[in-house]
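Grab a coffee and open the viewer. Here are a few exercises to work through, each with a solution to check yourself against.

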Amino acid sequence: MAQTILIVEDERDLLSTIEYNLQREGFDTRAATTGEMALRLAERDPRPELVLLDIMLPDLSGTEVCRRLRQSDALRRVPVIMVTARGEEIDRVVGFEVGADDYVVKPFSVRELVLRVKAILRRVKGGDGDGAGETTFGKLRLDPAAHRVFVEDVEVVLTALEFRLLSTFLTRRGRVQSREVLLADVWGIEADVTTRTVDTHVKRLREKLGVCGGYVETLRGVGYRFRANPDDASQADADGDTP
Ligand code: CA
């Protein structure tokens, strides 16, 4: 069955162009020109597999729409790509406040956009497919099939990207991961995401993991490392100096 993409864009020409290109790639599309309409259409079955969300809309802002999607039980895991015209908003959009999975900056090439959409859908699918059952690591429990994470048996809600980041860390425990490697393997696209974006997401992931946040160690000047054992004392501070 074709995957459904919800496109939220008030510029009709751009909307048609995106629709046309996604349909040509075999996706079903659903179009909204306002934030309220987007929230309504997101609830409709079949639920969209991904939301493409313009930030400047006539009623609600795209960031507000994203926040509300994240508050909905049914939709909080749907990947969101934010379309922004302003570079300075990017950290906010992908970071703590809004929780989008990715972003593109206007003007963007439709080809690049389609690649991003496919990359994200592949990652989400990959995460599901990896499902070798639950992984327990200290106080952390991860259920890949259901895309759920628990800290001391309390569910932690992660975005699709954060989930992917955590899964990547977990499968590579005890191994140093540079920001560049994480960018390539978690974001999976050669685009204008910077290593700072990695830092923003790791910071947010740690905050969400609470008492388990310390499992992700910073190796200053090198990157990150997920502990090999949950009970290991952190070596990060001791050997964290830039080599
Ligand atoms: Ca707009």
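The exercises below use a predicted model.

**Exercise 1.** Find the protein donors of the calcium ion and work out their spacing along the chain.

*Solution.* Start at the ion: Asp10 (OD), Asp54 (OD) and Met56 (O) are its protein donors, 2.1 to 2.3 Å away. Next, read them along the chain, and you get the spacing D-x43-D-x1-M. Finally, check burial. Asp54 has a relative accessible area of 2%, so it counts as buried, the cut-off being under 20%. Met56, at 48%, is partly exposed.

**Exercise 2.** Which residues of helix H7 (residues 179-187) are buried, and how are they arranged around its axis?

*Solution.* First, pick out the buried ones: Arg179, Leu182, Leu183, Val186 and Trp187. Then look down the axis of H7: these buried residues fall within an arc of 105°, so they line one face of the helix. That fits a simple rule: an α-helix has 3.6 residues a turn, so residues three or four places apart point the same way. Step just past H7 and you meet Gly188, with a positive phi of about 70°.

**Exercise 3.** Map the largest nonpolar core, then trace the contacts of Leu166.

*Solution.* The core has 26 residues, and among those with the most contacts inside it are Leu140, Leu166, Phe169 and Phe226. Now see who contributes: S7, S8, H6, H7, H8 and S12 each supply at least two residues, with H6 giving the largest share, six. Skipping neighbours within four places in sequence, Leu166 is in contact with Leu140, Leu142, Val149, Leu158, Leu205, Leu209 and Phe226. A second, separate core has 22 residues, including Val51 and Leu60.

Methods. Residues numbered from 1 in each chain as written. Predicted model: local features only at pLDDT ≥ 70, side-chain atom pairs only at ≥ 80, totals over all residues. Heavy atoms only, no water. Donors = N, O, S within 2.8 Å, 3.2 Å for Na, K, Ca; no water. Buried < 20%, exposed > 50% of the residue type's maximum accessible area, 1.4 Å probe, protein only. Helix = DSSP H or I, 4+ residues; strand = E, 2+ residues; numbered from the N terminus. Arc of directions from axis to C-beta. Core = buried A, V, L, I, M, F, W, Y, C linked by side-chain atoms within 4.5 Å. Contact = heavy atoms within 4.5 Å.
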